[in-house]
Amino acid sequence: MCEVHSPSTRKLDLDSKQAIYAREDVGCLWLLDPEALTLEAFRLHRTEWVLIDRLSNHAPVSLPPFDAISFNLGDLWTSYTVHKEPPRKLTIESEPELTVTSK
């Protein structure tokens, strides 16, 4: 299972969902945080989540359950943009009128 944190779902991802995944015996959990540029990988040991590794920025990744492959963590961040405030509306100001004078 992989969860991508967002400001609006962070608390839910870290609390309620982890308990549900443990109850349902999900073996591995990745938590991606695009703001902190981190990946935390956990494995389930009985009923507790055990941290396997915490990677950041552009570290190479090869962790269970996808340890048969390797990729650069930085590849995940290249197209992600965090909007901390709503985008501003663009306004187009009218240009001053041009006056043509003849000679």
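Which residue just after α2 takes a positive phi? Asp 25 does, at about 65°.

The model is predicted, so local features need pLDDT of at least 70, side-chain atom pairs count only at pLDDT 80 or more, and totals for chains, interfaces and linings use all residues. Residues are numbered from 1 along each chain as its sequence is written, and side-chain values use heavy atoms, with hydrogens and water left out.

**Exercise 1.** Describe the sheet and its edges.

Solution. Helices (H or I, at least four residues) and strands (E, at least two) are DSSP runs, numbered from the N terminus. Two strands pair if DSSP finds at least two bridges between them. The sheet is open, with four strands in the order β1-β2-β3-β4 and mixed pairing. Its edge strands are β1 (2–4) and β4 (48–56), each of which pairs on one side only. On average, neighbouring strands are turned by 20° against each other, direction ignored; axes here are lines fitted to C-alpha atoms, for helices over the stretch in contact, and angles run from 0 to 180 degrees between N-to-C directions.

**Exercise 2.** Follow the pairing of β3 with β4.

Solution. Strand β3 covers residues 38–45 and runs antiparallel to β4, joined to it by eight bridges. One position to locate is Thr 38, whose bridge partner in β4 is Ser 56. Another is Leu 44, which stands opposite Trp 49 in β4. The two strands form a hairpin with two residues between them, and Arg 46 in the turn has a positive phi of about 60°.

**Exercise 3.** Find the buried residues of α2 and what covers them.

Solution. Buried means under 20% relative accessible area, exposed over 50%, and partly exposed in between (1.4 Å probe, protein chains only). In α2 (residues 16–23), the buried residues are Gln 18, Tyr 21 and Ala 22. They lie on the same side of α2 because they cover an arc of only 100° around the axis, the arc being that of the directions from the helix axis to the C-beta atoms. Their cover includes β1, α1 (10–14), β2 (28–33), β3 and β4. Contact means heavy atoms within 4.5 Å.

**Exercise 4.** Place Asp 33 and list its contacts.

Solution. Asp 33 is in strand β2. Its relative accessible area is 8%, so Asp 33 is buried. Not counting residues up to four places away in sequence, Asp 33 touches His 5, Arg 10, Thr 38 and Trp 77.
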